[in-house]
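Q: I would like to learn how to read a helix and a sheet from a model. Where do we begin?

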Amino acid sequence: MGDSLLGAGHREIVERLLERLERVADPDCQEPRVIVLRGASGVGKTRIVQELYERLRQERGDAYWPPLAPVTRQHLGAGADPMPGRKLVAPPLTGFVWPEDALPTFGWWGFNCERLSTGNEMDVVQAVVPQLGAHTIPVEIARFRSLGGGRRTYELAASAWRAVRADLVEEGGDAALDLLAGLVGVTVPFVGVLARWGVKGFGGAKQAWDRRADLGGLINVGERVEEQRRSAAEDLADVLSAMTAKEVPAVLVVEDAHLMGGDLAELLNQLAARRSAPVLVVATAWPETRTGSVYERWYESASAEGRVERLEVPALGAGDLVSILREHAPKTDDATAQAIVGRLANPHLLKLWLTMKVTRRRIEGGGGALVLREGDLEDLPRDLKEVIARRWDELDEEVREALTWAVAANPDADDAVCRFPPREVAQAVAQWRHADRQDTRRAFAHAVDPDSWCLLEEESELFTEILLAEHVRELSPELVGEDEAEDLRECVRRALAARLSSFFTKLDLPSGRGSSLLASWYLTLTGARVGANTDSSEEDTWRPAEEDDVEALAVALWHAANEAAQRYRYDQAVRFAARVLTCLQACALDAGDPRGRMVRDHNARWVLDAGDPARAAGLYSELLEDCMRLLGADHPDTLATRGNLASAALAAGDPGRAAGMFSELLKDQLRLLGPEHPDTLATRGNLASAVRDAGDPGRAAGMYSELLEDCMRVLGADHPGTLATRGNLASAVLAAGDPGRAAGMFSELLKDMARVLGPEHPHTLTTRGNLASAVRDAGDPGRAAGMYSELLKDHTRLLGADHPGTLTTRNSLASAALAAGDPGRAAGMYSELLKDMARVLGPEHPGTLTTRANLASAVRAAGDPEKAADGMRALLADLLARPEPHKALIAQVRQVLASWGEDV
């Protein structure tokens, strides 16, 4: 790739990054796993990242990852155009094909904050999904091969995984996941998350995910509660960390981190905390940042906690700049070269000027030399904005015109890089200007290659950096009047409607940023976007406008609903779904249309996930009636709805009713699906959970034990469903009054959880907490307190002080202190925890209310029965003010008060 842009200080930074990557493979490494390269725009930060990538390829003999040089070093005569490689921090996916007989020796993932149009979670996820689609399966094979795990690991020659590669490369990847699972002998971690995001190669898992038939997720209905506490950033951190091993480390690059949003900051915090995963985050940032920005707040916090290290990127010296100049104009004399680089001291500014058409003509006319005439020095561009303006003037008129129209058409004023759908904009321009849309499409394509003003990502086009988009935005009002812009946007709205309505048959857009852009633009242009507030009352009166295409609107709203659910924003998903149903009613769909049932099913699920199981049960009950009438009792959708209704009843606090429903469903599943079908196994697990919650943990333990035998035989010992069943069995044994046996079971499970999922996986952490609880109940609260204390440190490091999992561990630590005979200390811990519970979860959250009860019990044990009784009576009064969701806790509080001799 060459070192012409790399001075001695830059090369030293590359060496430090390589050394740090090697050291973070050690879980005991205390050095920060996040490195920020700080330097002015154009100083060479991105080039350092590119050089790190090339060094890893060369030193590891990696034949999988493609070189960046063909992209970043496009030569124009003697020099290279800097525009194609500008901000490029990961190998382009266009044209990439998994090389035959090659596996990656490291993972490489990249974000460009300028190109994250909003910085929200799904924007972050969508930026990496195409990379995951291209590289997840090869990286997974490499990881398992390096670990020496799975069947035939050391015999994994190219011929052994050629079928996986062939399916992914030649057949679209639908069978690649099953082939991979057969090859390595275990389930790929986080397959459900990857399927939900639409990652290529994981499509075969999506139907199972949509039906909630993933045993690992359904074996215990309580998993749904934990899901509500997550975020897409946390999911992504789990995925990237899981795809690493000591011999297959990963690098995540964040370009222009000073522009990051809150969810990207959360992702970096998550990755920084995972010491068991060899992941190095390399971020680039400007020295000047906006006061109070997300980046500034993140950096101050991370720096104070020792989670980030900053390296200053030095400016290149005059000698290095002269070397850059002579790549383009090798025969320039020393005096002229020194004079030019004295004015153009920024390397990017220098290269932009050197590769302008007018400058190249001067070099050619000078026989490879730049010759300064009188006044030429003063005529050099003063800054990047000026040189960009000059390069804009050199573009073909058709390209300038097309990009101006794209900016004028964009309804999102906050989109810094002005992402647009070129097909629909070209179609709108053809209608607006009565022009040939192919001319506009060709102009958009020319802006990508060879002009490098834009990038093409999936079906969307965007400016390569903010400065380019800003320049066109400043010019746009002069070239396109406001009335003209309104007419253009109306044409765009009609073009989008035509495209979106073509997907109405299945009501589903393909996954990806292109689809998200279509839906986002259309919702903005029609004013149908749902806001961030959680008030759903307006959905009762919302109706599409007369000029709206209700089919297109339904498709766009449905896409937005699914994206909101993927971000765990279930309240917002429910509001979008309500508008979809309104649109479907306006379309006068037949009562038996499967699209209506699909939306209703998802809507009920999101209501349940949003924390309203009683309402969800009502929605599922209505849906079940229609499924029975339209599809029959034995239809798969009917069976699935019965299972979901039972789950809602269990979540609503009626385990007896839920157990009866699961029991009847199980009979029909055994008859129709057989005993080994995943849905049947899932129902058996859910039935056992209902029986346990109904007060019969002994019977539940027997049911879990029988289920475990079948899971071991059907799924394998390391399948997530098998591991989950072992955990549920141990919990039932504990609830049945045998903590010693439960502790042994949790201890053995913990070893396998750490081996299969990793020591920092959420389920591994949960198992550690369960083990501590069993140890406490077995009569060793002192040892349990120590275990909770260590777990609390890891929860705080990995999840943050306010994460519900961290708060739960604090509650358990306080309970251990109480059991160990220190009620005063326990009361203090409960008191502090209660403040944080109320602040984070709200005063009416079940965890907050339970903590109030625990605090009262600790206060009584500490010798103040009157204060304890007052606290418990106040809690009971609050519960009785809204009794429906708190029946079980009300009964427990009354029982405690009665045992204290208090009137209830």
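A: With a definition: a residue counts as buried when its relative accessible area is under 20%. The model here is predicted. In helix H26 (residues 570–586), 12 of the 17 residues are buried, so the rest of the structure largely encloses this helix.

Q: Which residues of H26 are buried?

A: Among them are Tyr570, Gln572, Phe576, Arg579 and Leu584. The buried set also includes Arg575, Cys583 and the run Ala573, Val574.

Q: What span should H26 have, and what is the distance between its end C-alpha atoms?

A: The general idea is a rise of 1.5 Å a residue. For the 17 residues of H26 this gives an expected 24 Å, and the end C-alpha atoms are 24 Å apart, which agrees.

Q: What follows H26?

A: Ala588 follows H26, and its phi is positive, near 55°.

Q: Now the sheet. What is the order of its strands?

A: The sheet is open, with 5 strands in the order E4-E5-E6-E1-E7 and parallel pairing. Strand E4 (107–112) and strand E7 (308–312) are at the edges; each has a single partner strand, so one side of each lacks a neighbour in the sheet. On average, neighbouring strands are turned by 20° against each other, direction ignored.

Q: How many bridges join E1 to E6?

A: Strand E1 (residues 34–38) and strand E6 (residues 279–285) run parallel and are joined by 5 bridges. One pair is Leu37 with its bridge partner Thr284 in E6.

Q: Which strands does helix H12 lie across?

A: Helix H12 (residues 262–273) lies across E1, E4, E5 and E6, and runs at about 150° to E5 (250–255).

Terms used. Residues numbered from 1 in each chain as written. Predicted model: local features only at pLDDT ≥ 70, side-chain atom pairs only at ≥ 80, totals over all residues. Heavy atoms only, no water. Pairing = 2+ DSSP bridges. Helix = DSSP H or I, 4+ residues; strand = E, 2+ residues; numbered from the N terminus. Axes fitted to C-alpha atoms, helices over the stretch in contact; angles between N-to-C directions. Contact = heavy atoms within 4.5 Å. Expected span 1.5 Å × (residues − 1). Buried < 20%, exposed > 50% of the residue type's maximum accessible area, 1.4 Å probe, protein only.
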